[in-house]
Amino acid sequence: MSLSSVQPTLSTLKTCQTDIGTGMDIVSEVALDLVEAQGTDDSPNVKKLEQMMLECARLDNEINCFVASVEQMTAQVRHEPPEAMFTLKDSVKTRFDELMAEASDTEIRRHSKVAAFKENIRKSLTKGNETGASVEEELDEDIAVTQSQTNFTCPLTQVEMVNPVKNKKCQHYYDQEAVLAMIKNKQSKKKSFRCPVVGCGNTDVKKSDLELDLVMKRTIQNQKRQSGRSRV
């Protein structure tokens, strides 16, 4: 293993992690389709999808452990005699095995996307029950639309969100593309990004704090479809 080959390899692995995350979002969407259609999260197919999420989480964790072991050992070898390079591969493997041994099933189940998968299903079931219980309740249409527009407006773009993400720290929502662009912009200037919601005390919004809210995304999409029908 040479130091010159390390960074390209790590970059490739991190790209794989992005693809894994995208795949997990797709699995979550399929699970929500099933839950909405069947009205339960106890079907065999939903259980299979949950297992797929766990397998993806394990793979993601394995990549994290490997990246961490490589970064730690290469940082260490830079301060050692040149001959230490000959044992770098073995050092990385040993450290990787140590990190993997520390990983538990509980940690895998706490993976942010696995947790979001379960939370989105729970919210979908709750929303479905609330909708069924309030079928006979008529709300003023103008008020309902105004409330929806307010709830679904991104504080950054001031337009309706397309892919709403929730900040796990302060519970505020933003459009995914807008907030990630803002975080990247601030990072390039070595500055932290403050939550744009007025009065919020969260002064350092990080990408790791954000999770895609698929239930809200579907609610926005449903509202758009209903609005389109009402204008016909």
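Is S28 buried or exposed in this structure? The model is a predicted one, in which local features need pLDDT of at least 70 and side-chain atom pairs count only at pLDDT 80 or more, whereas totals for chains, interfaces and linings use all residues. Residues are numbered from 1 along each chain as its sequence is written, and side-chain values use heavy atoms, with hydrogens and water left out.

S28 lies in helix α1 (helices, H or I, of at least four residues and strands, E, of at least two are DSSP runs numbered from the N terminus). With a relative accessible area of 5%, S28 is buried (under 20%, against over 50% for exposed and partly exposed in between; 1.4 Å probe, protein chains only). Beyond its neighbours within four places in sequence, S28 is in contact (heavy atoms within 4.5 Å) with M53, F117 and L214.

The largest nonpolar core (buried Ala, Val, Leu, Ile, Met, Phe, Trp, Tyr and Cys residues joined through side-chain atoms within 4.5 Å) holds 47 residues, of which I121, Y174, V179, V205 and L210 touch the most other members. Among the elements that give two or more residues to this core are α1 (3-38), α5 (112-133) and α7 (176-188). Residues up to four places away in sequence aside, I121 touches A31, L32, V35, D41 and V46.

An open antiparallel sheet is formed by 3 strands in the order β2-β1-β3 (two strands pair if DSSP finds at least two bridges between them). Because β2 and β3 stand at the edges with a single partner strand each, one side of each is left without a neighbour in the sheet. Strand β1 (residues 164-167) pairs with β3 over 3 bridges, and K166 has E211 of β3 as its bridge partner.
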